[in-house]
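Let's take a friendly walk through a protein model together. Keep the sequence and the 3D view open while you read.

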Amino acid sequence: MYDTAILIGRFQPVHAGHLALLREALARARRAIVILGSAHQARTPRNPFTWQEREAMLRGALPAQDAARLTVLPVRDYYDEPVWARAVREAVARHTAPGERIGLVGHFKDATSGYLNAFPGWELIRMQRQGSIDATAIRDAYFAATPDTQADALSPFAADIPPATRALLEQF
């Protein structure tokens, strides 16, 4: 059991695979810290949601007792991995005590997953890919649709989109 489990991602938008990783973090530790990457930047097609919207999607997908054990920390992109990793460590340090046992939940999806190796001292809780969905497919379907066809465009992903994410997409 860890004191804190860390999960890092963009979560643009939150889907069932993200929630599986978050549930693992919560199962392995007293509390979880989610690092929301690409925070504090203008909306783009690749990063359409604010960190506050992504936090709401994450919290809304959890039972209240699990949401109470979750801390969400926005971290901006630095495009310099050592600088970015230092920013993540500093953010986590402000919410943990010295000597805490920290686990880092993640899976090596592709070449962009190398950041998982940037945190010596945090034990990697390596997981397999959780499901076959990814946020890019959801965004592509959502933004390719017209307002009248968005519900239909997202229907193939119905099992992978938590109600909190669907609600945000409907409002967006």
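Helices (H or I, at least four residues) and strands (E, at least two) are DSSP runs, numbered from the N terminus. This is a predicted model, in which local features need pLDDT of at least 70 and side-chain atom pairs count only at pLDDT 80 or more, while totals for chains, interfaces and linings use all residues. Residues are numbered from 1 along each chain as its sequence is written, and side-chain values use heavy atoms, with hydrogens and water left out.

**The overall picture**

With that in hand, the protein has 7 helices and 5 strands. Along the sequence they come in the pattern β-α-β-α-α-β-α-β-β-α-α-α. The radius of gyration is 16 Å, close to the 16 Å that the globule rule gives for 172 residues, so the protein is as compact as a globular protein of that length. Here the radius of gyration is taken over C-alpha atoms, and the globule rule is 2.2 Å times the number of residues to the power 0.38. Along the principal axes, the C-alpha atoms fill a box of roughly 55 × 35 × 25 Å.

How much of the protein is buried? Of its 172 residues, 50% count as buried. Buried means under 20% relative accessible area, exposed means over 50%, and partly exposed lies in between (1.4 Å probe, protein chains only). The protein exposes about 8,700 Å², and carbon and sulfur atoms supply 52% of that area. Accessible areas come from the Shrake-Rupley method with a 1.4 Å probe; for residues, only the protein chains shown count as cover.

A contact means heavy atoms within 4.5 Å. Among the contacts with a separation of 6 or more, residues 24 or more positions apart account for 69%.

**The nonpolar cores**

In soluble globular proteins, nonpolar side chains tend to be buried together. A nonpolar core is a set of buried Ala, Val, Leu, Ile, Met, Phe, Trp, Tyr and Cys residues joined through side-chain atoms within 4.5 Å. Which residues touch the most other members of the largest core? They are L22, V34 and V105, in a core of 38 residues. The elements that give two or more residues to this core include strand 1 (2–9), strand 2 (29–36), helix 2 (51–60) and helix 7 (163–171). Helix 1 gives the most, with 5 residues.

V34 is a good place to zoom in. Not counting residues up to four places away in sequence, V34 touches L7, F11, L22, L58, L70, T71, V72 and L73. There is also a second, separate core of 19 residues, which includes I6, L73, V92 and I102.

**Buried residues to look up**

The table lists some buried residues with their places.

| Residue | Place | Relative accessible area |
|---|---|---|
| F11 | loop between strand 1 and helix 1 | 3% |
| S38 | loop between strand 2 and helix 2 | 4% |
| A39 | loop between strand 2 and helix 2 | 2% |
| E55 | helix 2 | 19% |
| I138 | helix 5 | 0% |

Two of these residues have a backbone detail to look at. F11 has a positive phi of about 55° although it is not a glycine. S38 is also a residue other than glycine with a positive phi, near 55°. The loop between strand 1 and helix 1 holds P13 too. A cis peptide bond joins Q12 and P13, with omega about 5°.

Now for the neighbours, leaving aside those up to four places away in sequence. What does E55 touch? Its partners are L36 and V72. A39 is in contact with W51, R54, P74, V75 and R76. A39 and V72 are 33 residues apart in sequence and 11 Å apart in space, C-alpha to C-alpha.

I138 is in contact with P13, H15, I133, L154, F157, I161 and L169. P13 is thus one of the partners of I138, and P13 is also the residue that follows the cis bond from Q12. I138 and D160 are 22 residues apart in sequence, while their C-alpha atoms are 9.4 Å apart in space.
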